[in-house]
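Q: Please take a close look at a single part of this model, its open sheet, and describe how that part is put together.

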Amino acid sequence: MTTDQAHAIATLMGQLTQQIFQHYYSAELPSFTLANTSLQTRVGSGKATYCRKYQHSYSITYGLGMILDKRDAKLCSGWLTSREIADRGYFGGQISYLNLLSHTVCHEFAHILQFECDQPRMRRNNKVHNALFYRLLDEIYHHGYGDTVSETLADHARLYQLPMAFNNDQEFAGTNSQQYKRGNQVQFEHAGIGYQGLIKRCNKLTFTIAVPKGLGIQEWRVPHHAVSRPIN
Ligand SMILES: [Zn+2]
């Protein structure tokens, strides 16, 4: 993918976020209102993708590095958005490049709703991805925005010939789930660091993997597609 293509995708993601914002803005939802707020979206040069609030205006940045990184099926398992799709079953739990990008739009928009609902608490409590956040994110999907975003992204990708599949173009959903069982030694990567451990449980969409850490054991939940056999 060229930088121009990544830029086009990031810009489109910004436009789609604006559309959801406008829908919520004009809807009379009982729990909160977006009236008196505004949204700007921008394309960042790095990986960072985030939502900020300055007084009454929101700013969401979609990083070019994020768009490029998420195309790598191995790297993408390190992103929170990838785990959210698997764990919460958005898009049927299917991790594809299109779904990852669509989910990123919904995820960032959920931060706006969270700011509006829970400002006093957010100042006290640093845990941003909390129960309220996921309730609002679920609601965004419940209203059908996830599908709308993914359909629009797919349409534009076809129209402007933007890549909308993983680099290695593999179809991941479920491919790994039958190949591994409890007790298998596997490896996976998170944030650029490789880990090895034993499969403790096979869940519907993830494996629970016990990884030795110091003298103890740390448990990880890793999407099926993101594990492989250790190369010794
Ligand atoms: Zn977030």
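Which residue in β7 is the bridge partner of Val211?

A: The bridge partner of Val211 in β7 is Gln218, and that pair is a convenient place from which to work outwards. This is a predicted model, in which local features need pLDDT of at least 70 and side-chain atom pairs count only at pLDDT 80 or more, while totals for chains, interfaces and linings use all residues. Residues are numbered from 1 along each chain as its sequence is written.

Helices (H or I, at least four residues) and strands (E, at least two) are DSSP runs, numbered from the N terminus, and two strands are said to pair if DSSP finds at least two bridges between them. On these terms β6 (residues 206–213) and β7 (residues 216–223) pair in the antiparallel sense over eight bridges. The two strands form a hairpin with two residues between them, and Gly214 in that turn has a positive phi of about 60°.

On the other side of the pairing scheme, β5 (residues 193–202) and β6 are also antiparallel, over four bridges, with Cys202 standing opposite Phe207 in β6. Here too a hairpin makes the connection, joining β5 to β6 through three residues. β5 in turn pairs with β4 in the antiparallel sense over six bridges, and within that pairing Val186 stands opposite Gly197 in β5.

Taken together, the four strands form an open sheet in the order β4-β5-β6-β7, with antiparallel pairing. Because β4 (185–190) and β7 stand at the edges, each with a single partner strand, one side of each is left without a neighbour in the sheet. From one strand to the next, the twist averages 45°; axes are lines fitted to C-alpha atoms, for helices over the stretch in contact, and angles run from 0 to 180 degrees between N-to-C directions.

Helix α3 (residues 80–88) packs on this sheet, touching β6 and β7, and its direction makes about 80° with that of β7; contact between two residues is taken to mean that their C-beta atoms, placed from the backbone, lie within 7 Å. The buried residues of α3 are Thr81, Ser82, Arg83, Ile85 and Ala86, where a residue is buried if 20 or more other C-beta atoms lie within 10 Å of its own, exposed if 12 or fewer, and partly exposed in between, again with C-beta atoms placed from the backbone. The helix is followed by Gly89, whose phi is positive, near 75°.
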